[in-house]
Amino acid sequence: MEDLDALRTELMAAVAGAGDAQALEAVRVAALGRKGRVTALMKGLGTVEADQRKTIGAALNQLKDAIGAAIEARREDLADADLDARLADERVDVTLPARPRAAGSIHPISQTIDEVIAIFAEMGFSVAEGPDIEDDWHNFTALNIPPEHPARQEHDTFYLPGTKDGARMVLRTHTSPVQIRTMMETAPPLSIIVPGRTYRCDSDATHSPMFHQVEGLVVDESTHFGHLKGCLIDFCRAFFGIDDLPVRFRPSYFPFTEPSAEVDIGCTRADGTLRIGGDDWLEILGSGMVNPKVLENCGIDAERYQGFAFGMGVERLAMLKYGIPDLRTFFDSDLRWLRHYGFAALDLPTMTAGLDP
Ligand code: DAH
């Protein structure tokens, strides 16, 4: 009879040395298979002396169980190692940032509005909105543009058929009616910025029947023209990214502000091109101190409160900042144009971002 201890040591070493499931199976067959060495010994028990059979039989059973258990344990180890290797191999770094290839891009109008909002938000303004379809009172009368006022003709208004609650409805010709809506609803102090669509019956290279404006309104007890100037100078310089951009206030007239001023920025006109910055002038927005009549129309005590307001055309700002020559292209829905002038969807506008260095 073979030395069972030596056999156990040899088989255990073979089990431990089996590098993969296939090698381990070969070890199992060689030890415990039909013709395996342990099996052969068990078969040979019949020839063993009767008095030793019991002890040897017990020792063989124990050996068989031990080898079987060792093989099972080894099989599990190999399977674990196999899984670990696969996991390492197929590892995905979930911490990598997603880089979607955005199919769309941000339209320059949206981008410009977001930039304007970012700048005024930094100064403490909040965003207000109002309806595109307005009644005559909010769009004109409350803004001190009474019926028959020449400013009504200048606005080339789209009137809607019929009336609503007795009021003639229009597509708003400017974002100024949101000043009225805000002052009717909210007690001062207030500072709002109003981006939105506006409509006038006019269409050529520099006019579109639908266009965009941003309106601003500040009302408080001690607001004065110096605040208006400081606010708009800061805005122009931040928007165009030029710290020393010249800004000038030129007397003007709007029915809803008194006094009124148009704001010009420095520019350079040379060889048929226009550049921002320089000692020529370019009109960029309208502004003024809110006419006391407008405050009173909204139930605000004009003895106690005063404010300033301003309005600007978004298309014009975008054309100047991004060098877009023709206003009509904004609304052509031409994908090639949008890919060229559009902005990456994940680029958030900030106080300073926008212009390429
Ligand atoms: N509503 C004017 C327009 O459409 C722009 C404007 C000018 C708005 C002066 C204002 C302002 O609030 O004070 O042409």
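## Ligand contacts

A polar contact is a pair of N or O atoms within 3.5 Å. The model discussed here is predicted. His174 offers one such pair: an N or O atom in the His174 side chain is 3.0 Å from a nitrogen atom of the ligand. Ser176 also reaches a ligand nitrogen through an N or O atom of its side chain, at 3.0 Å. Arg200 addresses an oxygen atom of the ligand instead, with a polar side-chain atom 2.8 Å away.

The protein covers 90% of the ligand's accessible area, which is 350 Å² for the ligand on its own. Around the ligand there are 15 residues. Those that come nearest are His174, Ser176, Arg200, Gln213 and Glu215.

## Helix α11 against α5

Two packed helices are described by the angle between their axes and the distance between the axes. Helix α5 spans residues 108-122, and helix α11 spans residues 314-322. Their axes are 9 Å apart and meet at an angle of about 95°. Angles of 65 to 115 degrees count as roughly perpendicular, so α5 and α11 are roughly perpendicular to each other.

From α5, the contact uses Pro108, Ile109, Gln111, Thr112, Ile113, Glu115 and Val116. From α11, Val314, Glu315, Leu317, Ala318, Lys321 and Tyr322 take part. By class, this contact has 8 nonpolar, 2 polar and 3 charged residues.

## Helix α11 against α9

Helix α9 covers residues 225-240 and also packs on α11. Here the angle is about 50° and the axes lie 10 Å apart. The pair α9 and α11 is therefore oblique.

Three phenylalanines of α9, Phe235, Phe239 and Phe240, meet Leu317, Leu320 and Lys321 of α11. The contact has 5 nonpolar residues, 1 charged residue and no polar ones. Leu317 and Lys321 of α11 appear in the α9 contact and also in the α5 contact.

## Helix α2 against α4

Helix α2 runs over residues 21-32, and helix α4 over residues 50-89. They pack at an angle of about 175°, with axes 10 Å apart. Angles over 145 degrees count as roughly antiparallel, so α2 is roughly antiparallel to α4.

On the α2 side, Ala21, Leu24, Glu25, Arg28, Ala31 and Leu32 make the contact. On the α4 side, Lys64, Ile67, Gly68, Ile71, Arg74, Arg75 and Leu78 do so. Sorted by class, the contact of α2 with α4 has 7 nonpolar, 1 polar and 5 charged residues.

How values were computed: Residues are numbered from 1 along each chain as its sequence is written. This is a predicted model: local features need pLDDT of at least 70, side-chain atom pairs count only at pLDDT 80 or more; totals for chains, interfaces and linings use all residues. Side-chain values use heavy atoms; hydrogens and water are left out. Axes are lines fitted to C-alpha atoms, for helices over the stretch in contact, and angles run from 0 to 180 degrees between N-to-C directions. Helices (H or I, at least four residues) and strands (E, at least two) are DSSP runs, numbered from the N terminus. Angles under 35 degrees count as roughly parallel, over 145 as roughly antiparallel, 65 to 115 as roughly perpendicular and the rest as oblique. Contact means heavy atoms within 4.5 Å. Ala, Val, Leu, Ile, Met, Phe, Trp, Tyr, Cys and Pro count as nonpolar, Asp, Glu, Lys and Arg as charged, and the others, Gly among them, as polar. A residue is near a molecule or strand if one of its heavy atoms lies within 4 Å of it. A polar contact is a pair of N or O atoms within 3.5 Å; within protein, one must be able to donate a hydrogen and the other to accept it, and residues adjacent in sequence count only if both atoms are side-chain atoms. Accessible areas come from the Shrake-Rupley method with a 1.4 Å probe; for residues, only the protein chains shown count as cover.
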